[in-house]
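User: I'd like a close look at one part of this model, please. Could you pick a strand, walk me through its partners, and then show me what lies around it?

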Amino acid sequence: MTEKINIKNVAKLAALKLTSEEEQKLEKDLSMIIDHFAALSEMDLPDEKITIHPLGMSLNLAEDEAFKFFTHDEALSNAPEAIDGQFVVPPALD
Amino acid sequence: MDHYKLPISDINKLFKDKKLKPSELYTEVFERTASTESIIHGHLSLFQEENIKKATDADERFLKGDELGVLDGIPVAIKDNINISGYATTCSSQMLSNYISPYDATVISKLKEEGVIFTGKTNLDEFAMGSSTENSAFGPTKNPWDPSRVPGGSSGGSAAVVSAGSAIASLGSDTGGSIRQPASFCGVVGFKPTYGTVSRYGLVAFASSLDQIGPITNNVSDAKILYNSIRGYDPFDATSLKDVNVKQPKLEKAKIGIIKELMEDGISEDAKSEVHKVSKLLESQGHEVIEVSLPLTKMSISIYYLIAPAECSANLSRFDGVRYGNRVNGNTSYEMMEATRAEGFGPEVKKRILLGTYALSAGYYDAFYGQALKARSMMKKEFTETFEQVDYLISPTTPSDPFKFGEKSDNQLEMYMSDLCTIPANLVGMPAISIPTGLSSSGLPLSVQIMSPSNTDNTLLDFAQNLESEVSFDALPQIQGDGE
């Protein structure tokens, strides 16, 4: 049995506001899934390399050249709120 | 005569011989959509108005002999997590219910150049997370073979519309089987290409080291046409592959390995007997079939459900109510973000974001995410070594035939297990194709999956095409549509 998941803390890290019903259900569901991982986490793999890209390739880097892409208006076209060509958000600090 | 189940190359010949016009085919397909859509709900949006002109433009091109290629005038449906400029891309999520894409995905640009007519956008599990389309915020898609059953997922809409004849072909995306599993459930062909051979630019990311766009079609020949039209290096995708020359598997007198671990507990007798039936056919064609053991495939669900949610939790952090998507107001930016995400995401997406956040958090990273990445390396080694002995691997595509709505939605692990056979191809990056081969004892479609080493996609497609012609699966779904 894995240690109990601190659902409130994980939800805070994920910026997800949960209702108390959701907290209860998700805590139970996630604990069940994490228990299922026990066999994997107990495997002895100390010297194994990690695989991130499935074919082991390094990422392609773009040429350092400017090119035309979105216009300002296009970039803002889906913004919930925009003023004077800028995204608008509530205050970042309390 | 109905044309919607003909191979694309046959349709193209009819167009060229002036025996059929693209506008006539489009009308036929649209009428089919109109009569079946109320039952299956495969499309989230239809582009009918603008398509009439596109189809008549294609008529003109064929009349003048100026056609753009074999896909000119072919109606193709697009999964609604792939961006088409000027149209909604909802990912079947309330979060993006008002999002209009300002750009084309690379695969869309390529298909536009070939004169493809996009029928519309198809339903999926929210953000491609699921195996049944039950997680769509806009209601599930039904299986054309039996509307009381799921079409599979996440590309359930893309598979159902091809099966029902309301598109000639479709594009889906496959992160752990999301093309192949629904293709199997709907009795059509689904192909997941080698990771990186098809650009992911413009596909809304779920798990970037696993996601891959690919075709869902009525036959392998159509899959090959679509795959070769969308593949190719793209500088807009940092993981895009340049062409590489690798040793190709044999097409004749090949050696095929049945994966032992995918023929054991949890796999239905129907699914196993389909693999045995196909193995005998392969042997009768002069191939050799042996059993191979890849022990880590048993661990693939655990590896996948650590890596995919971890990547998902990072990718979906972009949905913060600032640049796009819906917003719920709050007194601070953080309050706005957490309220927006609470309202915009459905239960399965929330669960996976939380699971990924947990696996990446301090104190658990090494035990879970890091361990999964190491196990992924071991799994890759197992497959690489096995492909030194065999040309292809074979398994069931799905552990069972299509299940009923609600049957697995209360048992998350059982739902996750429905991707047991398809996940390994995503973890190791290799191509894999699902082809329908027969019907279960309930009269529902069953498929086998064939896999080959990375970058041998066209050889795999040729091999699958040979097998398909031997299998001669010609059953069609029972759906007839309204009033038929």
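Analyst: Happy to. Let's start with one pair of residues: Gly190(B) stands opposite Ile216(B) in strand E6(B). Before going further, please keep in mind that this is a predicted model. Chain B has a mean pLDDT of 96, with 99% of its residues at 70 or more, and the model as a whole scores ipTM 0.95 and pTM 0.97.

Gly190(B) belongs to strand E5 of chain B, residues 189–192. On one edge, E5(B) is joined by two bridges to E6(B), residues 213–217, and the two strands run antiparallel. E5(B) also pairs with strand E10 of chain B, residues 432–439, again in the antiparallel sense, here over three bridges. In that second pairing, Lys192(B) is the residue opposite Ala432(B).

What about the two faces of the strand? In a regular strand the side chains alternate between the two faces of the sheet. In E5(B), Val189(B) and Phe191(B) lie on one side, while Gly190(B) and Lys192(B) lie on the other. These four residues are all buried, so both faces of E5(B) are covered. That includes a lysine, Lys192(B), which you may want to find in the viewer.

Now let's turn to the nonpolar interior. In soluble globular proteins, nonpolar side chains tend to be buried together. The largest nonpolar core here has 157 residues, and those with the most contacts inside it are Val76(B), Ile303(B), Leu306(B), Leu354(B) and Ile450(B). Helix H9 of chain B, residues 300–315, gives the most to this core, with nine residues. Of the 16 residues of H9(B), 14 are buried, so this helix is largely enclosed by the rest of the structure. Its length also makes sense: at 1.5 Å a residue H9(B) should span 22 Å, and its end C-alpha atoms are 22 Å apart, which agrees.

Val76(B), another residue of that core, is a good one to click on. Beyond its neighbours within four places in sequence, Val76(B) is in contact with residues including Leu111(B), Val116(B) and Phe118(B), as well as the run Ala167(B), Ile168(B), Ala169(B), Ser170(B) and Leu171(B).

Finally, a look at the other chain. 45 residues of chain A are in contact with 60 residues of chain B. On the chain A side, the elements that give two or more residues are helices H1 (7–13), H2 (20–36) and H3 (38–41). H2(A) provides the largest share, six residues. By type, this side of chain A divides into 32 nonpolar, seven polar and six charged residues.

Key:
Residues are numbered from 1 along each chain as its sequence is written. Chains are lettered from A and ligands numbered from 1 in the order in which they are written. This is a predicted model: local features need pLDDT of at least 70, side-chain atom pairs count only at pLDDT 80 or more; totals for chains, interfaces and linings use all residues. A nonpolar core is a set of buried Ala, Val, Leu, Ile, Met, Phe, Trp, Tyr and Cys residues joined through C-beta atoms within 7 Å. A residue is buried if 20 or more other C-beta atoms lie within 10 Å of its own, exposed if 12 or fewer, and partly exposed in between; C-beta atoms are placed from the backbone. Two residues are in contact if their C-beta atoms, placed from the backbone, lie within 7 Å. pLDDT is the predictor's confidence in each residue, from 0 to 100. The expected span of a helix is 1.5 Å times one less than its number of residues. Two strands pair if DSSP finds at least two bridges between them. Ala, Val, Leu, Ile, Met, Phe, Trp, Tyr, Cys and Pro count as nonpolar, Asp, Glu, Lys and Arg as charged, and the others, Gly among them, as polar.
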